[in-house]
Amino acid sequence: MKTMKYILASALCLLVSTACSGNKKFEGNMNGAEKNAEAKAVAKEGGKLLVVFFSHAGDNYAVGNIEVGNTKIVADYISEITGADQFEIVTHKYDGMAYRPLCDLAKKEQQNGKLPEFEGSIDNLDDYDTIFIGDPVWWGTYPQVMFTFFKKYDLNGKTLIPFTTHEGSGLGSCVDDVRKAYPKANVLNGFSMYGHDVRTHKSTVVKWLKSLGFGE
Ligand SMILES: Cc1cc2nc3c(=O)[nH]c(=O)nc-3n(C[C@H](O)[C@H](O)[C@H](O)COP(=O)(O)O)c2cc1C
């Protein structure tokens, strides 16, 4: 009975959040040909790459209680294949929270424009011309901590490659939000995949990176 209640609550929370995100569906969303060509050129240049990401381990929709977050798994694939350095945006604000209360908190943070703090800093941002930006979709866009990051770091002038993991919203409004945050950056169209697929579908990430000229 308890399990049933939990499943219903989770499903409801996700349905609401998906509805709020405009209900866009993407699976292994690829860049347009033009943007791919740009990215291929970037890959060929062989500049230093960075993956900036946030990922929430713990209780989550469709995957249960996970030790490693879905987006972190994709970030690790990217680093393995491209050699990119990583900066993980870490906040302990959500540690140990069950899925539904986390949904409620995340919604409130979004409505109130909260900017949660995160640990650490990037000292050598100038070293990187191309940055992958990865996140779970929360209520149709980035978790608020990502907007804290956007406020702190100026990524204008760089090539930015957004990617998300999600359970139905695809990229949500993440690409638009990166473009809004950095109007002078070259923001590629982005890539998304279902969070519950990341452990079994590494090949989807490999294929996407190949389309950008990485790992060929
Ligand atoms: C607070 C919260 C809100 C979410 N909102 C959405 C949403 O709007 N659309 C969606 O497709 N998935 C949503 N999800 C599901 C996550 O995007 C998905 O499980 C993702 O893979 C989690 O990645 P992570 O393990 O790296 O944090 C939400 C999950 C949480 C915890």
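**Around the ligand, and beyond**

In this predicted model, 26 residues surround the ligand, and Ser55, Gly69, Thr71, Pro136 and Gly195 come nearest. Several elements build this shell. Helix H1 (2-20), helix H3 (70-82), helix H4 (99-111) and strand E6 (159-166) each supply at least two of its residues. H4 gives the most, with four residues. By class, the shell around the ligand holds 15 polar, nine nonpolar and two charged residues.

Now follow H3 away from the ligand. H3 packs with helix H7 (residues 202-211). Their axes lie 10 Å apart and meet at an angle of about 50°. That angle makes H3 oblique to H7, because it falls outside the ranges that count as roughly parallel, roughly antiparallel or roughly perpendicular. The crossing of H3 past H7 is right-handed. On the H3 side, Val74, Tyr77, Ile78, Ile81 and Thr82 make the contact. H7 answers with Lys202, Val205, Val206 and Leu209. Sorted by class, this contact of H3 with H7 has seven nonpolar residues, one polar and one charged.

Next, look at a loop. Ser121 sits between H4 and strand E5 (130-136). Is Ser121 buried or exposed? Ser121 has 9 other C-beta atoms within 10 Å. A residue counts as exposed if that number is 12 or fewer, so Ser121 is exposed. Ser121 also has a partner to check by eye. Ile89 is 32 residues away from Ser121 along the chain, and the C-alpha atoms of the two are separated by 8.9 Å.

Technical notes. Residues are numbered from 1 along each chain as its sequence is written. This is a predicted model: local features need pLDDT of at least 70, side-chain atom pairs count only at pLDDT 80 or more; totals for chains, interfaces and linings use all residues. A residue is near a molecule or strand if its C-beta atom, placed from the backbone, lies within 6 Å of it. Ala, Val, Leu, Ile, Met, Phe, Trp, Tyr, Cys and Pro count as nonpolar, Asp, Glu, Lys and Arg as charged, and the others, Gly among them, as polar. Axes are lines fitted to C-alpha atoms, for helices over the stretch in contact, and angles run from 0 to 180 degrees between N-to-C directions. Angles under 35 degrees count as roughly parallel, over 145 as roughly antiparallel, 65 to 115 as roughly perpendicular and the rest as oblique. A crossing is left-handed if the near helix is turned anticlockwise from the far one by less than a right angle, and right-handed if clockwise. Two residues are in contact if their C-beta atoms, placed from the backbone, lie within 7 Å. A residue is buried if 20 or more other C-beta atoms lie within 10 Å of its own, exposed if 12 or fewer, and partly exposed in between; C-beta atoms are placed from the backbone.
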